[in-house]
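Thanks for sharing this one. Here are a few friendly notes on its aromatic rings and its cysteines, to read with the model open.

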Amino acid sequence: MARSLVLKVTCGAEDPERLNQGFTVAAAAAASGAEVSLWLTGDAAWFGVPGRAERFELELATPLDQLMAAVLTSGTITVCSQCAARRGIVAGDLREGVTIAGAAVFAEQVLGEGVQALVY
């Protein structure tokens with residue numbers, strides 16, 4: 001049985017390499033068969049909105065929208081509820097497959113048996 005991975009990305013386009021690394025690791029883990037839960041917090045919350053991932057560019061990096069699609073094939077992507085609220089993002093604003101949830105759900109996930117948690 002593959003371990004579960006809960007990965008939190010805490011930065012936005014202002015830190016493009018760290019942002020991209022988080023998405024890349026999440027997509028690679030999903031491709032390897034791990035159950036992946038990708039959390040978008042802080043300015044990463046904007047990437048839950050359609051069009052944002054498509055506009056992000058980083059030389060020699062797989063486009064974020066492709067990485068997100070890879071995660072969603074077998075995992076989940078969640079935008080932090082407080083982060084969304086601070087940015088005026090509501091559930092209806094999100095791209096297909098992305099949800100909003102709070103700290104209680106995150107804590108439940110990371111405290112699960114056999115879970116690896118990473119923060120970027």
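1. Trp 39 and Phe 106 are both buried (under 20% relative accessible area with a 1.4 Å probe, protein chains only; exposed is over 50%, partly exposed in between). Please keep in mind that this is a predicted model, where local features need pLDDT of at least 70, side-chain atom pairs count only at pLDDT 80 or more, and totals for chains, interfaces and linings use all residues. Residues are numbered from 1 along each chain as its sequence is written, and side-chain values use heavy atoms, without hydrogens and water.

2. There are 3 aromatic pairs, counting rings of Phe, Tyr and Trp (its six-membered ring) with centres within 6.5 Å; planes under 30 degrees apart are stacked, over 60 edge-to-face and the rest tilted. The ring centres of Phe 23 and Phe 47 are 6.3 Å apart with planes at 75 degrees, so this pair is edge-to-face. Both Phe 23 and Phe 47 are buried. Ring pairs join Phe 23, Phe 47 and Phe 56 into a cluster.

3. Back to Trp 39 and Phe 106: their ring centres lie 5.3 Å apart and their planes at 80 degrees, so they too are edge-to-face. Lys 8 sits over the face of Phe 106, 4.1 Å from the ring centre (the rule: NZ of Lys or CZ of Arg within 6 Å of the centre and within 35 degrees of the ring normal).

4. The disulfide count is 0, taking cysteine sulfur atoms within 2.5 Å as a pair. For Cys 11, the closest cysteine sulfur, in Cys 83, is 12 Å away, too far for a bond. Cys 11 is buried at 0% relative accessible area, and Cys 80 is buried at 16%.
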